[in-house]
Structures are given as structure tokens and as C-alpha cells.
Amino acid sequence: MASLIAATRHLEVPHILVLRRLTLRDPEARKWANEKQLNIVFQVILSKAIERYGLPKLKAARDRGFEPLLPAGGDSRDEDLRVLGDIATQLIGPPQMSEAESTQASFHALLARGAAVPPPRTMRTQPPTREPPPLFAAQLGPAGDKQLRRMIQVQQSEDEGGGERTPFTDFTTLFDDTICGYTEKTLAMFRISGPSRGLRLPFLLAPEFGPVYREVLKKHILPQMRATRAIQALGGTYNWAEVGGERLIEIIQGSEVNNPILHNWDGRWASFRAPKAPKGKKAPPPKPEDNPWPLFRDDATRCNYEPPSEAHVILLQDIIRFEADVMAKCWRELSQLYTQEFAPSGRMDQAREGAFRDGIMKWSAKLPDYIGEHLAMKAHFEFERLDADWMRKLLNNFGKNDSERRRNAPFLSDFVLQLGY
């Protein structure tokens, strides 16, 4: 796969479509990937090539029936048009119809729907969280495409689950349940499994934070997102009963450019910042739908953890961007390093002193801001040898003085203060 990505990095769209035809017909290609995986690979390759081509040019090409992007030869023209149409819809949205076309399409949809009795409402069940195959990201190697790895993992997770899916009722329910379940998988990587030992936890580590975060999404984030024109258009783009929530996850993990879900997600979180006061006047109070902070504070007071505030908006909104599979790989490696350093099965398995600390520092540099220090605090509760003295020594690795350490690891600095000097 990595060789295929490298070989197509500088090809134009018509050439990639020809290569796609040949690869799908080549029996040798089926020895290293099935048809679903090949389609995912070429969808990512074509998306990258079309982004280089330019979205304005793509829109103009779609108006001309994609003629500038089609290769010579008409044996697979319908399939090429379908692939280009799906990618164009994902990147720039569905094509705009004239008023007459829109009216006609609505009329035909009503005729096709007929007077059928709607099926009985099916009770929804939350599917269990499935961890991706161990070290799958590492097997692709550093040259593997990041988006490709995530999309193939989604596909493999679906295949391994035997087709188990949440029964579809409507787009609103699917949208809310998919995003809430996706963020819950990430939050599960942070929360501790045992008691807090009387310490006031950072909110990401608190087991009680997940339910209140979901409540904030249901009350303050998702309804307003669904009311936007972009999400309403997305609701009519696919047959959601067929594609399911996996398509929403692919959109979330796709490009940040023209991403309707991430754009409206960031907009909602940004609205929670207090409005600036006009010069010489008092700032207006926030609207109730733009003020989730009392909900966070009440739950934190009741459950004894540090609540998030306006200063943590970026961290709260980036939960949907954190890669749970990468954090799972990080946690597996840290668990192995802890065992090898502090509880080896034999002398030959003994790791050098400081191996676990170096592993935390390595992953703190690799992962987004604040993630490494949160995993270090979780390790304090999960691994018995990481006492207060060890945590203080770890904090010293984040800076030469207190101000630098607080700037680089603010959550860990407050946590160590609770442990006492």
C-alpha cells in the first residue's frame, strides 16, 4: 500500500483512474488487499490528487460532467463518474440544483415514497467499543498515509465486528449517537479505573466526566449543528440506513478543508467564549444555549474533580480529533515498559532505569498538547510503583524551572502540587 501511494503521489486524476481500473482487475493485487480495501486506497489517493487539482476547478469540472478528469476510453466511464461524484460531494458538497430541478426532485421523491406505512421504531443499542488490531499503525510504517490508515482501520473494525451495527431510525439519531460514541471511545483512554485516593482529578481523568460531556453535546452542541444548512444537506447526501455511522466517522477523520462536521463543531465550541464587552459597557450575559459551564461546574463539584472552563475550549473541542487507536498503541507500549523496568519476569527482561520515563517523554512529544501529561497522571493510578516522588522527578523533565514546567505541562504541575512536596 505504501508503494502504491508513493507511485501515485504525482499522477493526475485521469491516470489514477486508469490505474484503478487495472489494479481492480489484476488478480495479483487481490493477494495483498480485498476489493473493499482497494476502493478505500484509491478513494484516498484520488482525494489527494483532486485537492492538488483545486476545488474551484473541481466544481467547474463537475458542471461539465467531469469531462476534464475522465481518461480516454469508455469501458468504465460510469464507474469513474460514480467515484468522482462521491469524492466531489465529500469535498465540496452536493451539486446545487436550480429551483425547477429542486421542485421536480422533491415531487419525484414524494411519488417514490408512496403511502407506505412506516416501520415500527426499533430500540437502539450502543455497540461495544472495539479496540483496533494491536500495532496496526506501526505495521504500515512512517511512510503510510495517515488518513489511509484511519479509514482502513474503520473498515477492518466493521468487518471484524461481523456486521454488528446500531439499527438505523433517522439521521438525527444516527448523527448524535455516532459522534457521542466516537468521543466516548477517546475519553475512555484517559479515565482511571480505580479510586482517586482523595485527589481532585483533572476532568479528562475523572470517570464521571464522560456522561456530563455527552450531556453537553446532546444539549449545547449537536442540535445547533444539525440546524445548519451544511449538516442538513449532508443528511440528504447518502442513504444513511445503508452506509451507517461509519461514513460520518470517515468525514470527521478526513481533510480539515471544507469539512462540514468539524467546521460546525468548532463554531459551536467557539460560541461558548464570553462575549467581549463594548467600550464603557458591561458584557452581555451569555445565552443559555451558549453556556455549558454551569453544567460542568455542578457535576465537578458533586464528583470532586477539576471542571473545565473557558480556558479549556480548545482541549474540549479537540477531543473529536484525538486518535484513540494511537493512544491505545501508546498505552500498550507504556504498560510494557513499566513491566520491563519495575516488574520484569526475569533478569533478561529487565529494562534500564528510566525507560518508562523516557517512554512518557517520547509520546508527550509525539501526541497533541496535554495528552502525554494526562497519560502520565493516569499511570500514577494504574501502576503502583509510580509514587509522589517519581511524579515530581517526571515533572522536572518538562522544563528547567517552575514557570517553564507550568507552561509545558500545566495539568501535571497542578497534579504534583496536590501530591505535596
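This passage describes the overall make-up of a predicted model, followed by two of its helices, its cavities and three loop residues.

The predicted chain comprises 421 residues, of which 44% count as buried, and its secondary structure consists of 22 helices and 2 strands. Among the contacts in the chain with a separation of 6 or more, 71% are accounted for by residues 24 or more positions apart.

Helix α10 covers residues 209–226. Its 18 residues, at 1.5 Å a residue, should span 26 Å, and because the end C-alpha atoms lie 24 Å apart, the computed distance agrees with that expectation. The helix α10 nevertheless shows a bend of about 40°, which is placed at Leu217. Leu217 is itself one of the buried residues of α10, a set that also contains Phe209, Gly210, Val212, Tyr213, Val216, His220, Ile221, Leu222 and Met225. These buried residues pack against several other elements, namely the helices α9 (171–188), α11 (229–235), α14 (260–270), α15 (293–303) and α16 (313–317), together with the strand β2 (305–306).

Helix α19, which comprises residues 371–382, offers a second example of a helix whose span can be checked. For its 12 residues a span of 16 Å is expected at 1.5 Å a residue, and the end C-alpha atoms are 16 Å apart, so the two values agree. The helix α19 is mostly covered, since 11 of its 12 residues are buried. The buried residues include Ile371, Leu375, Ala376, Met377 and Phe381, and also Glu373, His374, Lys378 and His380; Gly372 and Ala379 belong to the buried set of α19 as well.

Enclosed space was examined next. The structure holds 4 cavities of 30 Å³ or more, and the largest cavity contains about 110 Å³ of space. Its lining is formed by 13 residues, and those lying nearest the centre of the cavity are Gln90, Leu91, Gly254, Ser255 and Val257. Two helices, α3 (35–53) and α5 (77–92), each supply at least two residues of this lining, and α3 gives the most, with 3 residues. When the lining of the largest cavity is divided by class, 7 residues are polar, 4 are nonpolar and 2 are charged.

Three residues in loops complete the description. Phe66 is found in the loop between α4 (55–63) and α5, and although Phe66 is not a glycine, its phi is positive, at about 65°. The relative accessible area of Phe66 is 6%, and because a residue under 20% counts as buried, Phe66 is assigned to the buried class. A positive phi, near 80°, is also present at Tyr370, likewise a residue other than glycine. Tyr370 is placed in the loop between α18 (355–366) and α19. With a relative accessibility of 34%, Tyr370 lies between the limits of 20% and 50%, and it therefore counts as partly exposed. The third residue, Ser309, is located in the loop between β2 and α16, both of which are among the elements packed against the buried residues of α10. Ser309 has a relative accessible area of 31%, so it too is partly exposed. Ser309 and Phe272 are separated by 37 residues in sequence, while their C-alpha atoms are 9.7 Å apart in space.

How values were computed. Residues numbered from 1 in each chain as written. Predicted model: local features only at pLDDT ≥ 70, side-chain atom pairs only at ≥ 80, totals over all residues. Heavy atoms only, no water. Helix = DSSP H or I, 4+ residues; strand = E, 2+ residues; numbered from the N terminus. Expected span 1.5 Å × (residues − 1). Bend = angle between axes of the 7 residues up to and from the residue. Buried < 20%, exposed > 50% of the residue type's maximum accessible area, 1.4 Å probe, protein only. Contact = heavy atoms within 4.5 Å. 1 Å grid on protein atoms, 1.4 Å probe; cavity = no way out; pocket = protein on both sides within 12 Å on 5 of 7 lines; lining within 4 Å. Points joined across faces, edges and corners; volume = space filled by probe spheres on them. Nonpolar A, V, L, I, M, F, W, Y, C, P; charged D, E, K, R; others polar.
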